[in-house]
Amino acid sequence: MKKISGLVLALVWMMAGGLARAQTPATPPAAPTSPAEAPAPAGLAQARAAQDNAPRSQLDAQLLYQLLIGELTVQQGEPGAGYALILDAARKTGDAQLYQRATDIALQSRSGDAALQAATAWKQAQPASREANRYVLQILIALNRITETVEPLRAEVRMAPEAERSGVIAAIPRIYARVSDKKLAALTVEEALAPSATNPGTASAAWTAIARMRLAAEDSNGALDAARRGQAASTGGDERAEGPVLVALELMDAQRPEAEALVRRYFEGNPKALPEIRMGYARALLDARRYAEASAQLQIVTRDKPDYPEGWLVLGSLQLQDNQLAPAQTSLERYIALVQQQASEAERSRGLAQAYLALSQVAEKRKDYAAAEAWLAKIDNPADLVQAQTRRASILASRGKLEEGRAVIRQLPERNANDARLKISAEVSLLREFKQYRAAYDVLAGAIAKTPDDVELLYDQSMLAEKLDSLDEMERLLRRVIAIKPDYHHAYNALGYSLADRGVRLQEARELIRKALTFAPSDPFIRDSLGWVEFRLGNKTEALKVLEAAYKARPDAEIAAHLGEVLWSLGQRDRATVIWKEGQLLNPTNDTLLETLKRLRVKL
């Protein structure tokens, strides 16, 4: 026979004490008068304390024996028999702890139906018990009996204190996160929340939860509609509810630009707008390559919340990308000062490495290689080793030591396939940066021989083929990418732009670029390609319209080159010159801009 556990002994002590209390009038305990009457051992004392705090038991000797046998049976490997004994005792006494114990025994033995039976009996015996209702709800979800969860889910919301109901509703999508049939889960939750969706105090939270369920079910139209309803239902008509706008940001990430109206409405005249939400908006704009607008949002974050570190880090990175070296350094150093004061060790390690890398790049652009190396030396996180070594390689190459730089990258450890890929990408980027296109092409050729269907590698190789003036090879590679991954919009855009830039097969070029836009409608670089092909087709007015919108969304030297040339051809030479000067400030070494100025014999 197995050894009886301390749990069973404690249970026996509690039940025996409860039985004794039920049968004997309560009398004050006598103080010990001799060592023989000293306090009981610690374990016994704990059991006695639990018994003293317990409600008066309804157990008689027969039930006490039944519970003891039930627990012993469970411990001896017969949970079914033990479950039946304890559930029977729970029904006879109406005790919540016994109902919970029976349910837990069934769950531990992976008997879902038995667990549901016990939890349902508990809920019927104690209809006002939130704990019993939660057990029923969670077991039904685990058993995938989703349509049966409407009533217990509605009860969970109803039984919550009024002040907690919105929070309870907000947690619902997490409860259903593992359900396989997302559409059914969304419909079930929507039915359960129907009363909450019409209650002014909970309507916004309810519609937000419905929006999240629809989003999980890949119903973006339904999610957007629910988010709009959630925002409209905010208390007193105030459009400051945070739940709907967070859903809207996720919808923006899912290529639903209409959701942006909800985000803008949240910010309008809202001095209490959370910086985290504005940061989320800035990131969504960055993902859409709307860099100027992202920068404007980041400026607001750092102005209104100057002690918010992340705003400075992202702003500094964006300023560096735009070649604004002095502002970038100021922002990044501000981030470092803040994060060293506020963040945990793990957060400091991650963010500081990014800031040090960016500051190293600032110094490298200024040709201050000693400062660049000093910033890199501050990085001690192994996870950031590839980036740090890549920057070191760039510094070496800038000083005429390209092969030494390549060696630095090649000496990086390869713990897995991802490490090997990162090394290849780093070496190709270094070679491309220093215009070693043939060497970069060969590095990629070796990698593609091992993974012939890797669309990222194939695309990169096609861009290098263009640099080598191997245009037939570039087209072959791009069409192979499209065949492997028909929704890879970069390939359509690159091929269409290449044809347009050479002035050949212009109708086909336009169709390719329009196809790319169906996958990324707000990408300013694809719109730049469309404007350029319209210009090549002789549609100058349309070209001007498209390119102005692209340049506004993303001030970029290459877009500036195209926009300036269209303006120049339309006789607007002063304005063209202004645009080209702006492009020159953005990137004075841009090949397209330099070639345009040389071809048109323009000196700025």
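**Helix packing in a predicted, all-chain view**

The axes of helix H4 (residues 79-93) and helix H6 (residues 112-125) come within 11 Å of each other and cross at roughly 10°. Axes here are lines fitted to C-alpha atoms, for helices over the stretch in contact, and angles between N-to-C directions run from 0 to 180 degrees. H4 and H6 are therefore roughly parallel to each other; angles under 35 degrees count as roughly parallel, over 145 as roughly antiparallel, 65 to 115 as roughly perpendicular and the rest as oblique. On the H4 side, Tyr83, Leu87 and Arg91 meet Ala114, Gln117, Ala118 and Ala121 of H6, where contact means heavy atoms within 4.5 Å. The residues of this contact of H4 with H6 divide into five nonpolar, one polar and one charged. Ala, Val, Leu, Ile, Met, Phe, Trp, Tyr, Cys and Pro count as nonpolar, Asp, Glu, Lys and Arg as charged, and the others, Gly among them, as polar.

The model is predicted, so local features need pLDDT of at least 70 and side-chain atom pairs count only at pLDDT 80 or more, while totals for chains, interfaces and linings use all residues. Residues are numbered from 1 along each chain as its sequence is written, and side-chain values use heavy atoms, with hydrogens and water left out.

The chain as a whole has 35 helices and zero strands; helices (H or I, at least four residues) and strands (E, at least two) are DSSP runs, numbered from the N terminus. Of the 604 residues in the chain, 46% are buried, where buried means under 20% relative accessible area, exposed over 50% and partly exposed in between (1.4 Å probe, protein chains only). Among contacts between residues at least 6 apart in sequence, 53% join residues at least 24 apart.

H4 also packs with helix H3 (residues 61-75): the axes of H3 and H4 come within 7 Å and cross at roughly 150°. That makes H3 roughly antiparallel to H4. The crossing of H3 and H4 is left-handed, meaning that the near helix is turned anticlockwise from the far one by less than a right angle, whereas clockwise would make a crossing right-handed. Among the residues making this contact are Leu63, Leu67 and Ile69 of H3, together with Tyr83, Leu85 and Ile86 of H4. By class, the contact of H3 with H4 holds ten nonpolar, five polar and three charged residues.

Further along the chain, glycine 311 lies in helix H19 (residues 309-321). Glycine 311 is buried, with a relative accessible area of 0%. Not counting residues up to four places away in sequence, glycine 311 touches Met279, Leu298, Val301 and Thr302. Glycine 311 and glutamine 299 are twelve residues apart in sequence, and their C-alpha atoms are 8.1 Å apart in space.

Helix H20 (residues 325-342) has 18 residues, which should span 26 Å at 1.5 Å a residue, and its end C-alpha atoms are indeed 26 Å apart; the expected span is 1.5 Å times one less than the number of residues. In H20, the buried residues include Leu325, Ala328, Ser331 and Leu332. Threonine 390, in turn, lies in helix H23 (residues 385-398). Threonine 390 is buried, with a relative accessible area of 18%, and it touches Ile409 and Ala426, not counting residues up to four places away in sequence.

The next pair is formed by helix H29 (residues 489-502) and helix H30 (residues 506-519), whose axes come within 8 Å and cross at roughly 155°. H29 and H30 are therefore roughly antiparallel to each other, and their crossing is left-handed. Among the residues that meet are Tyr492, Leu495 and Leu499 in H29 and Leu512, Ile513 and Phe519 in H30. The contact of H29 with H30 has eleven nonpolar, three polar and two charged residues.

Arginine 502 is found in H29 and is partly exposed, with a relative accessible area of 36%. Leaving aside its neighbours within four places in sequence, arginine 502 is in contact with Leu471 and Met474. The C-alpha atoms of arginine 502 and arginine 536 are separated by 9.2 Å, although these residues are 34 apart along the chain.

Helix H31 (residues 524-536) has 13 residues and reaches 18 Å from its first C-alpha to its last, close to the 18 Å expected. Ten of the 13 residues of H31 are buried, so H31 is largely enclosed by the rest of the structure. Among these buried residues are Pro524, Ile526, Trp532 and Phe535. The buried residues of H31 pack against H29, H30, helix H32 (540-553) and helix H33 (557-569).
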